[in-house]
Amino acid sequence: MRPVTIGVLSYQGTVIEHIKALSQLEGVTPMEVKTLPALQEVDGLILPGGESTTIAKLLNIFGLMEPLRQRILDGMPVWGTCAGEILLAGEILGEQPHLGVMDFAVRRNAYGRQIDSFTQYAPIQGISETPVELVFIRAPWIESVGEKAQVICRVNGHAVAARQDNMLATSFHPEFTRDLTVHRWFAQQVEQHKYQ
């Protein structure tokens, strides 16, 4: 794989877990992103799991919300896990959207509290034909999808992953497993975008 730099938005949440996963991939340089210069340096970006309201507040405080939205709209590959999915959603039930770049509505904490966390196995269309380990922690699910986004994984009847152009959103946390399937797929998308 040709060299790429993949950022992880590093205000709060599962930053270290994503950095560790990315550092296991050949050709990938992981980088923490907190500032505009760092955002401008990366070829792709992961929005980690954590607390979506807190991350959104910090994006606004550090002046990164609009520049990040623009980079995504300009085609930079982005992947949101759990809270990151909520940040990307065009609609959050009962709340104002944050980045609002993906054509779906999301329900926060749909799977309940921390105590209701669980692991499931399912294939992810276009990413893995074989079932991969999916970890859900206070996770959202995708309530409805517009014309632009495509559901690529369902668990127990609920949509838990979607793709749209250069964007990927997952309700689950691949960074809490040893399975690098989704990270590897995302790195390939970043490579294709950088060298196209």
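Q: In this predicted model, how do the residues of the lining of the largest pocket divide into nonpolar, polar and charged?
A: The largest pocket has a volume of about 220 Å³, and of the 16 residues that line the largest pocket, those closest to its centre are Gly50, Glu51, Cys82, Ile137 and Arg138. Sorted by residue class, the lining of the largest pocket divides into 5 nonpolar, 8 polar and 3 charged.

Q: Which element gives the largest share of the lining of the second largest pocket?
A: About 160 Å³ of space lies in the second largest pocket, and of the 14 residues lining the second largest pocket, the closest to its centre are Pro77, Asp165, Asn166, Gln189 and His193. Two elements, E12 and H6, give two or more residues to the lining of the second largest pocket. The largest share, 5 residues, comes from H6.

Q: How do the residues of the lining of the second largest pocket divide?
A: The lining of the second largest pocket is made up of 14 residues, with Asp165 and Gln189 among those closest to the pocket centre. By class, the residues of the lining of the second largest pocket divide into 6 nonpolar, 6 polar and 2 charged.

Q: Which element supplies the largest share of the lining of the largest cavity?
A: The count comes to 1 cavity of 30 Å³ or more, and about 50 Å³ of space lies in the largest cavity. The lining of the largest cavity consists of Val132, Glu133, Leu134, Phe172, Pro174, Thr177, Asp179, Thr181 and Val182, and it divides into 5 nonpolar, 2 polar and 2 charged residues. Strand E8 (128-136) and H6 each supply at least two residues of this lining. The largest share, 3 residues, comes from E8.

Q: Why does Ser171 count as buried or exposed?
A: Ser171 is found in the loop between strand E12 (167-170) and helix H6 (181-194). Leaving aside neighbours within four places in sequence, Ser171 is in contact with Cys82, Glu85, Phe136, Ala139, Pro140, Trp141, Ala159 and Val160. The class itself follows from relative accessibility, where buried means under 20%; because the value for Ser171 is 0%, Ser171 counts as buried.

Q: With which side chain does the side chain of Ser171 make a polar contact?
A: A polar atom of the Ser171 side chain lies 2.9 Å from the backbone oxygen of Pro140, but that partner atom belongs to the backbone, whereas the question concerns a side chain. At 2.9 Å, the side chain of Ser171 also makes a polar contact with the side chain of Glu85.

Q: What distance separates the C-alpha atoms of Ser171 and Ile46?
A: Ser171 and Ile46 are 125 residues apart along the chain. In space, the separation of their C-alpha atoms is 13 Å.

Q: Which backbone nitrogen does the side chain of Gln164 reach?
A: Gln164 is found in strand E11 (residues 158-164), and because its relative accessibility is 5%, Gln164 counts as buried. Leaving aside neighbours within four places in sequence, Gln164 is in contact with Val101, Met102, Asp103, Lys148 and Ala149. Among these contact residues, the one whose backbone nitrogen is reached by the Gln164 side chain, at 2.7 Å, is Asp103.

Terms used. Residues are numbered from 1 along each chain as its sequence is written. This is a predicted model: local features need pLDDT of at least 70, side-chain atom pairs count only at pLDDT 80 or more; totals for chains, interfaces and linings use all residues. Side-chain values use heavy atoms; hydrogens and water are left out. Helices (H or I, at least four residues) and strands (E, at least two) are DSSP runs, numbered from the N terminus. Buried means under 20% relative accessible area, exposed over 50%, partly exposed in between (1.4 Å probe, protein chains only). Contact means heavy atoms within 4.5 Å. A polar contact is a pair of N or O atoms within 3.5 Å; within protein, one must be able to donate a hydrogen and the other to accept it, and residues adjacent in sequence count only if both atoms are side-chain atoms. On a 1 Å grid over the protein atoms alone, a cavity is a set of points where a 1.4 Å probe fits but cannot get out, and a pocket is an open set with protein on both sides within 12 Å along at least five of seven lines; lining residues have an atom within 4 Å of a point. Grid points are joined across faces, edges and corners, and a volume is the space filled by probe spheres set on the points. Ala, Val, Leu, Ile, Met, Phe, Trp, Tyr, Cys and Pro count as nonpolar, Asp, Glu, Lys and Arg as charged, and the others, Gly among them, as polar.
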